[in-house]
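User: I would like to learn how to read surface patches and pockets in a protein model. Could we work through an example?

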Amino acid sequence: MENIGYYAFAIIAIAIPAGLIFFAGSRAHRVCKAHTWPKVIALGFALAYVFVALAPQAIYGTQWASAWFILAMPFSIVLEIIAPLGFGLFVLITTIIAATFWGTLLYVVFAIVPRLRRVH
């Protein structure tokens, strides 16, 4: 029974930041629907983040882990609850959420640009 509570809490710990990220992205998408450049830049940045975070770790192993923690520190602290599931799963989920966050952040910032152009 204790494991069920642990996994339920881990799912909630993942779902809340992921839900907030996708909610912000959906609001920004209403503004950016007609524009392609915000989507391309945000997606490109998110993919570059995943590549920078995961590729060296795959090549160099645990020696890259300290640099990965610097890249994903705000997200790894929140997701420490899932660390006992295994380091690989922890790194993968945290990196995906971090890349999604940074890509969405760029997308939201770029959504402000068309809004400001319409107002003025």
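User: Which helix gives the most to the nonpolar patch?

Analyst: This is a predicted model. Helix α4 gives the most to the nonpolar patch, with three residues. The members of the patch are Tyr7, Leu85, Leu89, Leu92 and Ile96, and together they make about 420 Å² of nonpolar surface.

User: Where does Leu85 lie, and is Leu85 buried or exposed, or something in between?

Analyst: The general idea is that a residue counts as partly exposed when its relative accessible area is between 20% and 50%. Leu85 has a relative accessible area of 33%, so it is partly exposed. Leu85 sits in the loop that runs between α3 (65-78) and α4.

User: How is Ser26 classed on that scale?

Analyst: Ser26 is partly exposed, because its relative accessible area is 30%. Ser26 belongs to helix α1. In sequence, 81 residues separate Ser26 from Tyr107, yet their C-alpha atoms are 10.0 Å apart in space.

User: Now the largest pocket. How many residues line it, and which lie nearest its centre?

Analyst: A pocket is described by its space and by its lining. Here the largest pocket holds about 240 Å³ of space. Its lining has 13 residues, and those nearest the centre are Ala42, Leu43, Thr100, Gly103 and Thr104.

User: Which helices supply the lining of the largest pocket, and what kinds of residue are in it?

Analyst: α1 (2-32), α2 (37-60) and α4 (87-119) each supply at least two residues. The largest share, six residues, comes from α4. By kind, the lining has eight nonpolar residues, four polar and one charged.

Conventions: Residues numbered from 1 in each chain as written. Predicted model: local features only at pLDDT ≥ 70, side-chain atom pairs only at ≥ 80, totals over all residues. Heavy atoms only, no water. 1 Å grid on protein atoms, 1.4 Å probe; cavity = no way out; pocket = protein on both sides within 12 Å on 5 of 7 lines; lining within 4 Å. Points joined across faces, edges and corners; volume = space filled by probe spheres on them. Helix = DSSP H or I, 4+ residues; strand = E, 2+ residues; numbered from the N terminus. Nonpolar A, V, L, I, M, F, W, Y, C, P; charged D, E, K, R; others polar. Patch = residues over 30% accessible without salt bridge, like charges linked within 9 Å, V, L, I, M, F, W, Y side chains within 5 Å. Areas by Shrake-Rupley, 256 points an atom, 1.4 Å probe, with all protein chains shown as cover. Salt bridge = Lys/Arg side-chain N within 4 Å of Asp/Glu carboxyl O. Buried < 20%, exposed > 50% of the residue type's maximum accessible area, 1.4 Å probe, protein only.
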